[in-house]
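Reader: Hey, I'm new to this one. Can you walk me through it?
Author: Sure, let's have a look together.

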Amino acid sequence: MVGQSYGRLLALLAVQGRDIAAAEDALADAMERALQCWPRDGVPGNPEAWLLTVARNRLRDIWKSPAYRLTGPWTEDHDVAWEEAEPAAIPDRRLELMLACAHPGIAADIRTPLMLQTVLGVDAAVIAAAFAVAPATMAQRLVRAKKRIRDTGIPFTLPERADLDARLPEVLEAVYGAYSIDWLSVSQRTAVESLSSEALHLAMVLVELLPEEPEVLGLAALMCLCEARRPARLGPDGSFVALDDQSRGRWDAELHARGERLLARAHRFGRPGRFQYEAAIQSAHCAPGVDRHALRKLYRALMRVRPSLGAAVALAALDGEIDGADAGLRALDSITDRSADSFQPAWVTRGHLLAAAGRVDEAAAAYRRAIELTTDDAVRTYLTGRQAGLLSSGRAGPGIE
């Protein structure tokens, strides 16, 4: 079980004892019992309430054990606090858990991975791959972070406004990180199974909690605009479809409109930031007849507030489209980020620019490198087709997102 059910239950279980690891163990035990009981007795009318009841009873046993009283943050009010949580109407406490994970007492480099795992149920191995860290190393860091939350008594409550402002960027990064992990996988899944759906839900909860925070609105707008295009990313035969080739009729019109409304709300506050710029970029991409000059201005603004390798590569591609392929290649060569050599979009962009400059053999080599770095089968097939078309006709097609 991942996503909303797991995150909601784990957050509620962890709130009382501030012990994430114990809550995870209790929930895992409840899920194991469900696998044993439900096939025999039938699935209960409220599965989440059943799991919560079994898990919290397991936690009671853990808290009352002599070993836990010697090593854990046990207090006399553990049992009393449980009565406040009515299993028939399970509250959503994930935001409190996320803010606890973003506490200054937690190492900065583990806050987002911790939130991804505990709140959204992302597997540690997936997180390790996303952050280019060995799985064992990531697992050790996560264990240490959970232990620190327990041992230092970090509260699972909404902080004061000043503290919230300090921790909010980490929470937004975690939500966007979860969405990005799912978005990078082109293959489609149902809304219930999709991690992006859960991340979008959390973003909308943040909008309800902080309706006058423009970066919260910007993040929600960004995710809505991206998610609106998901149905069109694959063709009927499962092949990858680049943005320029997508049928607007296959986009989710309701999600797209919601994203535009959220972006307009954020703009009215006059405090632009990273996620608002990214949402504006997506909005510009979605507009009929894309204004390349406007896009370049947005990317340059994004690079000022939040420089990144992805934005630098996209800016180089725009330089190539506006000022000519050689200008784009110069911009690409000026990128100093050491990870550029293993960044697949950089090689796709290089291949496109080289082909536009008439340097077909070099372009084919760049596409070959991009294909080597591609992990998604649909995208690999798409790029292989582009490379083959380049070699046969001396031209290259458009790049991908």
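Author: One term before we start: a residue counts as buried when its relative accessible area is under 20%. Also keep in mind that this is a predicted model.

Reader: Okay. Is Cys37 buried or exposed, then?
Author: Cys37 has a relative accessible area of 16%, so it is buried.

Reader: How many disulfides are there in the whole structure?
Author: The search finds zero disulfides. Cys224, for one, is in no disulfide. The nearest cysteine sulfur to it belongs to Cys226, and that is 9.6 Å away. A disulfide needs the two sulfur atoms within 2.5 Å.

Reader: And is Cys224 buried or exposed?
Author: Buried, because its relative accessible area is 0%.

Reader: Switching topic. How many cavities of 30 Å³ or more does the structure hold?
Author: It holds one. The volume of the largest cavity is about 30 Å³.

Reader: Which residues line the largest cavity?
Author: The lining is made up of Leu95, Leu99, Leu164, Leu168, Val171, Leu206, Leu209 and Leu210. By class, that gives eight nonpolar residues, with no polar and no charged ones.

Reader: Which helices supply at least two residues each of that lining?
Author: Helix 6 (94–101), helix 10 (161–183) and helix 11 (195–209) each do. Helix 10 gives the largest share, with three residues.

Reader: Let's go to helix 7. What span should its 13 residues have?
Author: Helix 7 covers residues 108–120, and at 1.5 Å a residue it should span 18 Å. Its end C-alpha atoms are 19 Å apart, which agrees.

Reader: Where does helix 7 bend?
Author: At Leu114, by about 25 degrees.

Reader: What comes just after helix 7?
Author: Gly121, which takes a positive phi of about 75 degrees.

Reader: How many residues of helix 7 are buried?
Author: 11 of the 13 are buried, so helix 7 is largely enclosed by the rest of the structure. The buried residues run through Ile110, Arg111, Thr112, Pro113, Leu114, Met115, Leu116, Gln117, Thr118, Val119 and Leu120.

Reader: Hmm, that's a long row. Which way do residues in a helix point?
Author: An α-helix has 3.6 residues a turn, so residues three or four places apart point the same way.

Reader: What about Ala108, buried or exposed?
Author: Ala108 lies in helix 7 too, but it is exposed, because its relative accessible area is 52% and the cut-off for exposed is over 50%.

Reader: How far apart are the C-alpha atoms of Ala108 and Glu170?
Author: They are separated by 8.6 Å, although the two residues are 62 residues apart along the chain.

Reader: Got any other pairs like that? Where is Leu302, for instance?
Author: Leu302 is found in helix 15 (residues 292–305). It counts as buried, because its relative accessibility is 4%. Leu302 and Phe275 are 27 residues apart in sequence, and their C-alpha atoms are 8.8 Å apart in space.

Reader: And Gln282, where does that lie?
Author: In helix 14, residues 274–286. Gln282 is buried, with a relative accessible area of 14%. Between its C-alpha atom and that of Met223 there are 9.3 Å, and the two are 59 residues apart along the chain.

Reader: One last stop. Which helix has Arg369?
Author: Helix 19, which covers residues 360–373. Arg369 is partly exposed, because its relative accessible area is 24%, and partly exposed sits in between the 20% and 50% cut-offs.

Reader: How far apart are the C-alpha atoms of Arg369 and Asp341?
Author: 9.5 Å, with their places 28 residues apart along the chain when you count from one to the other.

Notes
Residues are numbered from 1 along each chain as its sequence is written. This is a predicted model: local features need pLDDT of at least 70, side-chain atom pairs count only at pLDDT 80 or more; totals for chains, interfaces and linings use all residues. Side-chain values use heavy atoms; hydrogens and water are left out. On a 1 Å grid over the protein atoms alone, a cavity is a set of points where a 1.4 Å probe fits but cannot get out, and a pocket is an open set with protein on both sides within 12 Å along at least five of seven lines; lining residues have an atom within 4 Å of a point. Grid points are joined across faces, edges and corners, and a volume is the space filled by probe spheres set on the points. Helices (H or I, at least four residues) and strands (E, at least two) are DSSP runs, numbered from the N terminus. Ala, Val, Leu, Ile, Met, Phe, Trp, Tyr, Cys and Pro count as nonpolar, Asp, Glu, Lys and Arg as charged, and the others, Gly among them, as polar. The expected span of a helix is 1.5 Å times one less than its number of residues. The bend at a residue is the angle between axes fitted to the seven residues ending there and the seven starting there. Buried means under 20% relative accessible area, exposed over 50%, partly exposed in between (1.4 Å probe, protein chains only).
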